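Visitor: Please take a close look at one part of this model, the contacts between helices. Then say what surrounds it.

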Amino acid sequence: MARRRKGRAIDGILLLDKPLEISSNQALQKVKRAFLAAKAGHTGALDPLATGMLPVCLGEATKFSQFLLDADKTYIVTAKLGVRTTTSDADGEIVDTREVNVTEQQLIDACETFKGPIKQVPSMFSALKHQGKPLYHYARQGIVIEREARDITIFSLNITRFDGDEVDMEVHCSKGTYIRSLVDDLGQLLGCCAYVSKLHRTAVADYPSDKMVTFEMLESLLEKAQAEQIPLTDILDPLLIPMDSAVKALPSVELTPASRDSFLHGQPVPYVSEAAIDQGTLVRTYCTEDNVFLGVSQLDNDNKAAPKRVVVFNSPA
């Protein structure tokens, strides 16, 4: 007998403003409980030290979380100069200290060397997997694993404050970028060491920062719902962003109502598009009748949309 999933079927994305000293998984579980959701997943972990935007996907939106994992991100980071730690952040043990004799121009020049496509060696205290376990699992045992440098892109790296041994920077970067490693590399280049003392993620893809929701906001709304007997669908669900926002960067096509069911059952179907789109392209897929988002498909050689990720509807859309 199939095991019944606990929780309600609710689909959408919450832009959580993650607070300090809580893991991304702990934050995810709190959101899941607040919404009484049957299924939830986040889109790129933030360390307990880090705060800021953590998109949490609920329900069917989890199927499209990978697209947000692959999205560009923007951070505000404070780097402490003169000290190097094992984790490249404030939680690590100090392994080196040096005098800071850095001018603002030297700092600007050093930052310039990191802009554009570069190679970066991930930190041993990252969540990258080695033989099924995250690297930090080995690091905590004093084991060092050889890591290959990865291709990343730093789109912009701007200094917003420089005060002796502290530097505030805004970083816009590609997926796979480790800000702790970036700051550690910057400190090594300057010859004075550096680690991350504060980290705040302000953007994932082009999601607006003013749409972020704090736990305090959620708790206040839950108290209001309980006191006034307001359904969650009325008080919390309006905070959610539609799931197709996760794939907004993809071009879109439409299907006729007649081919909708075939598509949802995994069959390639003819599509309609206002623009010419190359074969092999991943696309957002909608129904022409009601503009309901059906999932992500790939255009094949027969001018059909082949399903890759489809939405399962719990009731007629």
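Guide: What follows starts with one helix pair, then moves to a second pair and a few single residues.

Some ground rules come before the geometry. The model is predicted: local features need pLDDT of at least 70, side-chain atom pairs count only at pLDDT 80 or more, and totals for chains, interfaces and linings use all residues. Numbering runs from 1 along each chain as its sequence is written, and side-chain values use heavy atoms, with hydrogens and water left out.

Start with helix 1 (residues 24-35) and helix 6 (residues 215-228). Helices here are DSSP runs (H or I, at least four residues) and strands are runs of E (at least two), numbered from the N terminus. The angle between helix 1 and helix 6 is about 20°, and their axes lie 11 Å apart. Axes are lines fitted to C-alpha atoms, for helices over the stretch in contact, and angles run from 0 to 180 degrees between N-to-C directions. Helix 1 and helix 6 are therefore roughly parallel. The classes are: under 35 degrees roughly parallel, over 145 roughly antiparallel, 65 to 115 roughly perpendicular, the rest oblique. Their crossing is left-handed. That means the near helix is turned anticlockwise from the far one by less than a right angle; clockwise gives right-handed.

Which residues meet? Helix 1 brings Ala27, Lys30, Val31, Ala34 and Phe35. Helix 6 brings Phe215, Leu218, Glu219 and Leu222. The set divides into 7 nonpolar, no polar and 2 charged residues. Here Ala, Val, Leu, Ile, Met, Phe, Trp, Tyr, Cys and Pro count as nonpolar, Asp, Glu, Lys and Arg as charged, and the others, Gly among them, as polar.

Take alanine 34, in helix 1. Its relative accessible area is 9%, so alanine 34 is buried. Buried means under 20%, exposed over 50%, partly exposed in between (1.4 Å probe, protein chains only). Beyond its neighbours within four places in sequence, alanine 34 is in contact (heavy atoms within 4.5 Å) with Leu222, Leu232 and Leu236. Glutamine 298 lies 264 residues from alanine 34 along the chain, and their C-alpha atoms are 35 Å apart.

Now the second pair, helix 3 (residues 104-112) and helix 5 (residues 179-190). The angle is about 125°, with axes 10 Å apart. Helix 3 and helix 5 are therefore oblique. Their crossing is right-handed. Gln106, Leu107, Ala110 and Cys111 come from helix 3; Leu186, Leu189 and Leu190 come from helix 5. This contact has 6 nonpolar residues, 1 polar and no charged.

Serine 88 sits in the loop between strand 5 (83-85) and strand 6 (94-97). At 8% relative accessible area, serine 88 is buried. Apart from neighbours within four places in sequence, serine 88 touches Arg180, Asp184, Tyr195 and Val196.

UniProt, in an unreviewed entry, places "domain: tRNA pseudouridylate synthase B C-terminal" at residues 180-247. Such positions use the numbering here, feature names are shortened, and annotations may be inferred rather than shown by experiment. The end C-alpha atoms of residues 180-247 are 28 Å apart, and the span is 43% helix and 16% strand.

For residues 251-311, the unreviewed UniProt entry lists "domain: tRNA pseudouridine synthase II TruB subfamily 1 C-terminal". This span is 13% helix and 43% strand, with end C-alpha atoms 18 Å apart. Arginine 260 is in helix 8 (residues 257-264). Arginine 260 counts as buried, at 13% relative accessibility.
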